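Here is a friendly walk through a structure you may not have met before. Have a look at it first, and then we'll go through it piece by piece.

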Amino acid sequence: MGGSRGGLAGQLGGLLRAQPRASLGLPMLLLGTYFFYCLTGSCEPLPPAARQLRPPPRDPAGDRPEEPAAAGGRSGPGSRRFPQAIIVGVKKGGTRALLEFLRAHPAVRALGAEPHFFDRGYEKGLPWYRNLMPRTLEGQITMEKTPSYFVTKEAPKRIYNMSRETKLIVVVRNPVTRAISDYTQTLSKNPTIPSFQALAFKNVSTGLIDTTWSAVRIGIYAKHLDNWLQYFPLSKFLFVSGERLVSDPAGEMGRVQDFLGLKRVVTDKHFYFNETKGFPCLKKPEGSSRPRCLGKSKGRPHPKIHGQVIQRLQEFYRPFNMKFYQMTGQDFGWD
């Protein structure tokens with residue numbers, strides 16, 4: 001009987017090695033027969049090809065199989081990793097443009113949609129978050145962008161607990177222009193909302209600004225950065241100018257690629273200026289029929305805002321801007 005069991009294991013290993021793409025019907029029948037004989041005595045070890053049919057080890061951090069470092073076949077090459085860099089802010093600053101420019105780099109794999117994990121979905125757990133990420137090969141970096149992280153009080157601590165080595169990118173823009181752009185987006189979705197002036201001021205006659213309105217609050221960059229610096233040193237941040245991302249995309253992309261430790265692959269030859277939209281687009285990628293430009297929701301015309309309203313907002317933001325310049329060591333030229 002022992003010789004029969006040995007021969008059966010050999011046949012099973014031979015079949016699995018010789019016919020990797022054939023039907024598994026016969027090998028599975030032999031496998032079942034092999035284990036039936038094992039019940040009556042000792043068995044020789046399973047051949048390597050049969051051992052590969054066993055399920056992968058469980059991930060101790062979660063409830064799904066551990067991702068192999070390099071998994072081929074239907075699941076694709078590479079592995080899912082936590083992002084090494086995150087674009088954490090700010091809304092209406094130019095984060096979508098930056099992400100699309102970065103995705104032109106062969107060493108960057110980025111999640112297209114905003115996962116909102118560290119602000120809205122943290123209870124789903126880190127294994128769930130990692131499973132959202134695209135697969136990366138050795139030498140590639142994983143990224144995501146969710147601009148609301150920058151203004152979420154809990155986000156810095158949560159990202160720090162994932163990895164204190166995470167690189168953080170913040171795209172900032174003149175807070176007055178940013179607030180108007182934010183309002184324009186909301187207005188396009190809900191045309192019945194009050195005027196910009198009515199929302200921006202608690203009291204129009206006294207000029208008191210309503211800092212509870214998110215469109216105003218987001219632009220107080222120094223306040224939000226204070227919260228982040230409790231967990232991450234300034235060296236982990238790159239502050240990208242939303243204005244220069246439009247006027248000199250190649251220059252800003254050079255800084256971003258240096259910060260991420262990437263070769264400067266995305267250069268001025270990748271861009272052209274779209275006169276209709278008023279911002280740069282990526283030239284036609286290899287194998288594509290048309291250039292890559294941001295969608296119609298980007299570059300909307302802003303409603304006309306009274307000059308006195310803009311002036312009062314500029315006065316309101318000036319001390320916060322000055323503090324932000326000091327904190328970052330960069331003068332963004334908004335004043």
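Leaving aside its neighbours within four places in sequence, which residues is V151 in contact with? They are I218 and H224. Keep in mind that this is a predicted model. V151 itself sits in the loop between β5 (141–145) and α6, and at 31% relative accessibility it counts as partly exposed. There's also a long-range link to spot here: V151 and K91 are 60 residues apart in sequence, yet their C-alpha atoms are 9.5 Å apart in space.

**The chain as a whole**

Stepping back, the chain has 13 helices and 11 strands. Of its 335 residues, 45% are buried. Among contacts with a separation of 6 or more, 67% are between residues 24 or more positions apart. The chain exposes about 17,800 Å², and carbon and sulfur atoms supply 53% of that area.

**The cores**

In soluble globular proteins, nonpolar side chains tend to be buried together. Here the largest nonpolar core has 29 residues, and V88, F118, Y149, I159, W228 and F324 are the ones with the most contacts inside it. Elements giving two or more residues to this core are β2 (85–89), α6 (155–162), β6, α10 (221–228), β9 and α13 (307–328). The largest share, 4 residues, comes from α10. Apart from this core lies another one, of 26 residues, with A97, L99, V108 and A110 among them.

W228 is a good residue to zoom in on. Its relative accessible area is 0%, so it counts as buried. Skipping neighbours within four places in sequence, W228 is in contact with V88, Y149, F150, A155, P156, I159, L168 and F237.

**Rings and charges**

What about the aromatic side chains? A search of the whole structure finds 28 aromatic pairs. One of them joins W228 and F232, and it is tilted, with 6.3 Å centre to centre and 35° between the planes. F232 is buried too, at 1% relative accessibility. F324 and F332 make a stacked pair, 5.7 Å centre to centre with 25° between the planes. F324 is buried with a relative accessible area of 0%, and F332 is buried at 6%.

These four residues belong to a cluster linked by ring pairs: F150, Y160, Y221, W228, Y231, F232, F237, F239, F324, Y325, F332 and W334.

Charged side chains meet rings as well. R130 lies over the face of F82, at 5.6 Å from the ring centre. The charged end of K167 sits over the ring of F259, 5.5 Å from its centre.

**Helix α12**

F259 leads us to helix α12, which spans residues 249–259 and is mostly covered, with 8 of its 11 residues buried. Those buried residues are P249, A250, E252, M253, G254, V256, Q257 and F259. They pack against α4 (95–102), β6 (167–172), β9 (237–241), α11 (242–247), β10 (271–274) and β11 (279–282). After α12 comes G261, whose phi is positive, near 75°.

**Backbone details**

Two residues other than glycine also have a positive phi, and they are worth finding in the view:

| Residue | Phi | Loop | Relative accessibility |
|---|---|---|---|
| K92 | near 60° | between β2 and α4 | 14%, buried |
| H116 | near 50° | between β3 (108–110) and α5 (126–132) | 13%, buried |

The loop that holds K92 also holds V90. The peptide bond from G89 to V90 is cis, with omega near -5°.

**Around S181**

K92 turns up again in one more spot. Not counting residues up to four places away in sequence, S181 touches K92, R173 and H302. Where is S181? It lies in helix α7 (residues 175–189). Is S181 buried or exposed? With a relative accessible area of 8%, it is buried, because the cut-off for buried is under 20%. The side chains of S181 and R173 are joined by a polar contact of 3.5 Å.

Definitions and conventions: Residues are numbered from 1 along each chain as its sequence is written. This is a predicted model: local features need pLDDT of at least 70, side-chain atom pairs count only at pLDDT 80 or more; totals for chains, interfaces and linings use all residues. Side-chain values use heavy atoms; hydrogens and water are left out. Rings of Phe, Tyr and Trp (its six-membered ring) pair if their centres lie within 6.5 Å; planes under 30 degrees apart count as stacked, over 60 as edge-to-face and the rest as tilted. Buried means under 20% relative accessible area, exposed over 50%, partly exposed in between (1.4 Å probe, protein chains only). A charge sits over a ring if NZ of Lys or CZ of Arg is within 6 Å of the ring centre and within 35 degrees of the ring normal. Contact means heavy atoms within 4.5 Å. Accessible areas come from the Shrake-Rupley method with a 1.4 Å probe; for residues, only the protein chains shown count as cover. A polar contact is a pair of N or O atoms within 3.5 Å; within protein, one must be able to donate a hydrogen and the other to accept it, and residues adjacent in sequence count only if both atoms are side-chain atoms. A nonpolar core is a set of buried Ala, Val, Leu, Ile, Met, Phe, Trp, Tyr and Cys residues joined through side-chain atoms within 4.5 Å.
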